[in-house]
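Here is a friendly walk through one protein model, meant to be read with the structure open beside you. Feel free to click along as each part comes up.

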Amino acid sequence: MIPQRIYAWTVSKVDSPRGLTSLQEDEALFRDSVYEFADHEIRPHVREMDQQAHIPRQLIDKLFDLGVMAIEIPDAEGGAGASFFHAVLAVEALSRVDPAIGVLVDVQNTLVVNAMMRWGSDAIKRRYLRSLAERTVGAYALSEAGSGSDAFALTTRAVETPDAYVLNGRKLWITNGEEAGLFIVFATINPDAGYRGITAFVIDRDLPGFTVGKKEDKLGIRASSTCELLMEDCRVPRANVLGEIGMGYKVAIETLNEGRIGIGAQMIGLAQGALDHTIAYTRERRQFGKAIADFQGVQFQIARAATELEAARLMVYNAARLRDAGEPFMKEAAMCKLFASEIAERVASLAVNLFGGYGFVKDYPVEKLYRDAKIGQIYEGTSNLQLQTIAKQILTS
Ligand SMILES: Cc1cc2nc3c(=O)[nH]c(=O)nc-3n(C[C@H](O)[C@H](O)[C@H](O)COP(=O)(O)OP(=O)(O)OC[C@H]3O[C@@H](n4cnc5c(N)ncnc54)[C@H](O)[C@@H]3O)c2cc1C
């Protein structure tokens, strides 16, 4: 007879997942079809989009058709009815080809759709979810000129009137600003109340008093738009408050915790893209009478990059799985963004090195990935702010 303890151990071994990065069949199919789309529909335009700092609307429409702009929105509302983990897979697969498209899809899903589904009233959901699933790009506006890391020092003011909140202020660095039809904007209803005055509002692009201003000319992810927003006596209907009055800080903290996993996914996708190019190039490029991939020095550099990428992927997938399982994930999200963004920069830098002079020019794809990698350590909380979150979690718990 098998003793009870050994029997229990045997059962749990049989039930355990195959591998930490193993995907369910539907997840693998989804990731592969998104990558195939990116390879065929995005790759031929990457360089031109980067040069022109623009994403054509036709490509955005194809992303809607593919179903990656509303991954967690239920079927009944026109979305894919899938999980947060699927969103992470989509952002990774797209970023492997172009991290600028990766972040468009990332902001739409992990910040905008996520906040609307979690905090939106029934009326907000009825009014906006279907349109987010079918045609409307969303943007998420927290940062201002004077408040970045110290996000809750924001000064955009919302004044209450009987039928509306009147917003005045200026937002900076807003991803998707050029393409978005809908903006989640954070403002304070009471500057004296500190973070407890912060409130989130849903603003339609055509609302009087709301203007999309200057677009930034950037180092990397150039095709992704980054814009200032101006609000001048912009009357936002009371029904467009997202979540509760004075609870915007909670909306921001909780969505950004999840958003960070999406940026981790963007960064592992970018690193995979850089590694793909490096492997192909080093097998082809010949020096000293053989392929440079035949030199052990080069092999070891590639092996290290692949190992670091694998570690980053494990961290990103784990954080996403924890989130879907309803388990705590704040520390893991901060860790995965911190690490994945460092790895992305390292792998992209190695790619430039191994392409030699060809890595330094725009005729080859890796200099762009090197430029694109830098943003991972800046937005949705800089690396120092991730370290602050991690330290707080491990030192005060
Ligand atoms: C391309 C791009 C897209 C963006 N998209 C969006 C968007 O869609 N929505 C949005 O709301 N914002 C967006 N942002 C803004 C982004 O989130 C901020 O730039 C970021 O949070 C950093 O803020 P900051 O630029 O004001 O830098 P600062 O906060 O001024 O930081 C400057 C430096 O000081 C360090 N630092 C600051 N405080 C501390 C501290 N307490 N301890 C240690 N070090 C510290 C930082 O780590 C950093 O190195 C975007 C930015 C860029 C560049």
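## A loop glycine to start

G67 sits in the loop that runs between α4 (57-66) and α5 (84-95). Keep in mind as you look around that this is a predicted model. The relative accessibility of G67 is 22%, so this glycine counts as partly exposed, given that buried means under 20%. If you would like a sense of distance, pick G177 as well: G67 and G177 are 110 residues apart in sequence, and their C-alpha atoms are 21 Å apart in space.

## Around the ligand

Which residues come nearest to the ligand? There are 19 residues around the ligand, and S143, S149, W173, T175 and T382 are the ones that come nearest.

Several polar atoms are worth a closer look here. In S143, a polar side-chain atom lies 2.7 Å from a nitrogen atom of the ligand. The side chain of S149 has an N or O atom 2.6 Å from an oxygen atom of the ligand. For Q388, an N or O atom of the side chain is 3.4 Å from a nitrogen atom of the ligand. On its own the ligand has 970 Å² of accessible area, and the protein covers 64% of that.

## Strands side by side

Now turn to strand β3 (residues 164-175), which pairs with strand β2 (residues 157-160) in the antiparallel sense over four bridges. The two form a hairpin, with three residues between them. One bridge to find on screen joins V159 to its partner V166 in β3.

Strand β3 also pairs with strand β7 (residues 226-237), again in the antiparallel sense, over nine bridges. Here K171 has L229 in β7 as its bridge partner.

## Salt bridges

Side chains of opposite charge can pair when their charged atoms come close. How many salt bridges does a search of the whole structure find? The search finds 32.

One of them joins E41 and K62, whose closest N and O atoms are 2.8 Å apart. E41 lies in helix α2 (residues 25-42) and K62 in helix α4, so this pair ties together parts that are 21 residues apart in sequence. E41 is partly exposed, at a relative accessible area of 29%, and K62 is partly exposed too, at 36%.

R346 and E308 meet through their side chains in another salt bridge, at 3.1 Å from N to O. This pair links distant parts of the chain, with R346 in helix α10 and E308 in helix α9 (residues 296-324), 38 residues apart. Are these two partners buried or exposed to some degree? R346 has 42% relative accessibility and counts as partly exposed, whereas E308, at 19%, counts as buried.

The salt bridge between D372 and K368 has an N to O distance of 2.5 Å. Both residues lie in helix α11, four residues apart, which is about one turn of the helix. Both are also buried. Elsewhere, salt bridges that share partners join E72, R118, K250, E254, E258, R323 and D324 into one network.

## A nonpolar patch

To finish, look at the surface around Y358, which is found in the loop between α10 (330-354) and α11 (366-373). Y358 has a relative accessible area of 36%, so this tyrosine is partly exposed. Together with F360 and V361, Y358 forms a nonpolar patch on the surface. The three residues have about 330 Å² of accessible area together.

How values were computed: Residues numbered from 1 in each chain as written. Predicted model: local features only at pLDDT ≥ 70, side-chain atom pairs only at ≥ 80, totals over all residues. Heavy atoms only, no water. Patch = residues over 30% accessible without salt bridge, like charges linked within 9 Å, V, L, I, M, F, W, Y side chains within 5 Å. Areas by Shrake-Rupley, 256 points an atom, 1.4 Å probe, with all protein chains shown as cover. Salt bridge = Lys/Arg side-chain N within 4 Å of Asp/Glu carboxyl O. Buried < 20%, exposed > 50% of the residue type's maximum accessible area, 1.4 Å probe, protein only. Near = heavy atom within 4 Å. Polar contact = N/O pair within 3.5 Å; in protein donor to acceptor, adjacent residues only side chain to side chain. Pairing = 2+ DSSP bridges.
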